[in-house]
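Here's a quick briefing to read alongside the model. Have the sequence open and click along as you go.

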Amino acid sequence: MLIQGLFYLFGTILVLAALGVISSRNPVYSALALVMCFITSAAIWLLMEAEFLAVVLVLVYVGAVMVLFLFVVMMLDIDLAELRQGFTRFAWLGWLTALAVIAEIVGVVWARGGLGIDASRGGVASAADYSNTLALGSILYTHYAYPLELAAILLLVAIVAAIALTMRRRGGLKQQDISAQVAVRSQDRVRIVKMASEKRP
């Protein structure tokens with residue numbers, strides 16, 4: 001009974017925080033609401049005995065990605081008036097996209113005859129020596145080894161592309177020329193001028 005109450009509590013907070021993400025006019029408040037979504041999702045995963053996924057969600061997304069996102073949002077000079085104007089101009093397209101996604105989700109659930117979950121029965125408790133980290137690792141590196149390697153390659157390509165786009169040459173930007181710095185000579189940098197001494201009047 002306690003677990004069900006905590007599930008409904010965290011589920012309600014998660015839904016309210018998700019609504020805050022998409023309805024907040026301030027991007028900082030929206031990012032903070034997304035942090036709350038991640039924390040409540042981690043709490044729900046803890047109730048489902050998925051401790052490893054909950055810890056990874058908090059450490060990676062809340063502790064690294066969202067903090068970095070908050071720094072970027074607060075450091076950027078965002079024109080909120082222009083942002084709202086663009087939002088109202090393309091609101092109809094957003095509503096059509098949302099309706100299309102909702103229709104697809106309802107169609108998939110209806111075609112499969114439900115979610116495939118028997119809500120009348122509770123979850124079966126795992127054994128005391130059960131490790132979901134070990135089970136997840138064994139599945140990832142056996143049955144899903146090739147998709148995992150493919151995802152790693154895609155992430156590596158994305159990182160290289162991001163670095164290449166960041167380091168590209170742009171006009172009016174001063175950059176280091178390593179080869180010119182290494183090939184420099186002393187006579188090109190220092191010029192000794194010999195001048196005759198002058199007598200004071």
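Start at Leu70: setting aside residues up to four places away in sequence, this side chain's residue touches Val28, Ala31 and Leu32. Bear in mind that this is a predicted model. Leu70 also belongs to the largest nonpolar core, which has 11 residues in all.

**The nonpolar core**

- Alongside Leu70, the core takes in Val28, Ala31, Val35, Phe38, Ala42, Ala54, Leu57, Val62, Met66 and Val73.
- H2 and H3 are the elements that give two or more residues to this core.
- H3 supplies the largest share of the core, with six residues.
- As a general backdrop, nonpolar side chains tend to be buried together in soluble globular proteins.

**Helix H2, residues 27–47**

- H2 has 21 residues and runs 30 Å from its first C-alpha to its last, close to the 30 Å expected at 1.5 Å a residue.
- Plenty of H2 is tucked away: the buried residues are Val28, Ser30, Ala31, Ala33, Val35, Cys37, Phe38, Thr40, Ser41, Ala42, Ala43 and Ile44.
- Ser30 sits in H2, and it counts as buried because its relative accessible area is 15%, under the 20% cut-off.
- Leaving out neighbours within four places in sequence, Ser30 is in contact with Gly20, Val21 and Ser24.
- Ser41 is another H2 residue, and at 18% relative accessible area Ser41 is buried too, since the limit is 20%.
- Beyond residues up to four places away in sequence, Ser41 touches Leu14 and Leu57.

**Helix H1, residues 2–23**

- H1 has 22 residues and reaches 32 Å from first C-alpha to last, close to the 32 Å expected at 1.5 Å a residue.
- Which residues of H1 are buried? They are Gly11, Ala17 and Gly20.
- Those buried H1 residues pack against H2.
- Gly20 turns up on both lists, as a buried residue of H1 and as a contact of Ser30.

**Trp45 and its partners**

- Trp45 is in helix H2, and it counts as partly exposed because its relative accessibility is 32%, between the 20% and 50% cut-offs.
- With neighbours within four places in sequence set aside, Trp45 is in contact with Ala50, Leu53, Ala54 and Leu57.
- Take Leu57 as one of these: its C-alpha is 9.6 Å from that of Trp45, and the two residues are 12 apart along the chain.
- Leu57 and Ala54 are both contacts of Trp45 and members of the largest nonpolar core.

**The loop between H2 and H3**

- Glu49 is found in the loop that links H2 and H3.
- What is the sign of phi at Glu49? It is positive, near 60 degrees, in a residue other than glycine.
- For context, most residues other than glycine have a negative phi.
- Glu49 is partly exposed because its relative accessible area, 33%, falls between 20% and 50%.

**A nonpolar patch on the surface**

- Trp45, Met48, Phe52, Leu53, Val55, Val56, Leu59, Val60, Tyr61 and Val65 form a nonpolar surface patch, with about 870 Å² of accessible area together.
- Helix H3 (residues 51–75) provides the largest share of the patch, eight residues.
- Val65 is a patch member that lies in helix H3.
- Val65 is partly exposed, as its relative accessible area of 41% lies between 20% and 50%.
- H3 therefore gives the largest share to the patch and the largest share to the core, where "buried" means under 20% relative accessible area.

**The chain as a whole**

- The chain has nine helices and zero strands, and the pattern along the sequence reads α-α-α-α-α-α-α-α-α.
- How much of the chain is buried? Of its 201 residues, 11% count as buried.
- The accessible surface comes to about 17600 Å², and 69% of that belongs to carbon and sulfur atoms.
- Among contacts with a separation of 6 or more, residues 24 or more positions apart account for 57%.

Conventions. Residues numbered from 1 in each chain as written. Predicted model: local features only at pLDDT ≥ 70, side-chain atom pairs only at ≥ 80, totals over all residues. Heavy atoms only, no water. Patch = residues over 30% accessible without salt bridge, like charges linked within 9 Å, V, L, I, M, F, W, Y side chains within 5 Å. Areas by Shrake-Rupley, 256 points an atom, 1.4 Å probe, with all protein chains shown as cover. Salt bridge = Lys/Arg side-chain N within 4 Å of Asp/Glu carboxyl O. Helix = DSSP H or I, 4+ residues; strand = E, 2+ residues; numbered from the N terminus. Buried < 20%, exposed > 50% of the residue type's maximum accessible area, 1.4 Å probe, protein only. Expected span 1.5 Å × (residues − 1). Core = buried A, V, L, I, M, F, W, Y, C linked by side-chain atoms within 4.5 Å. Contact = heavy atoms within 4.5 Å.
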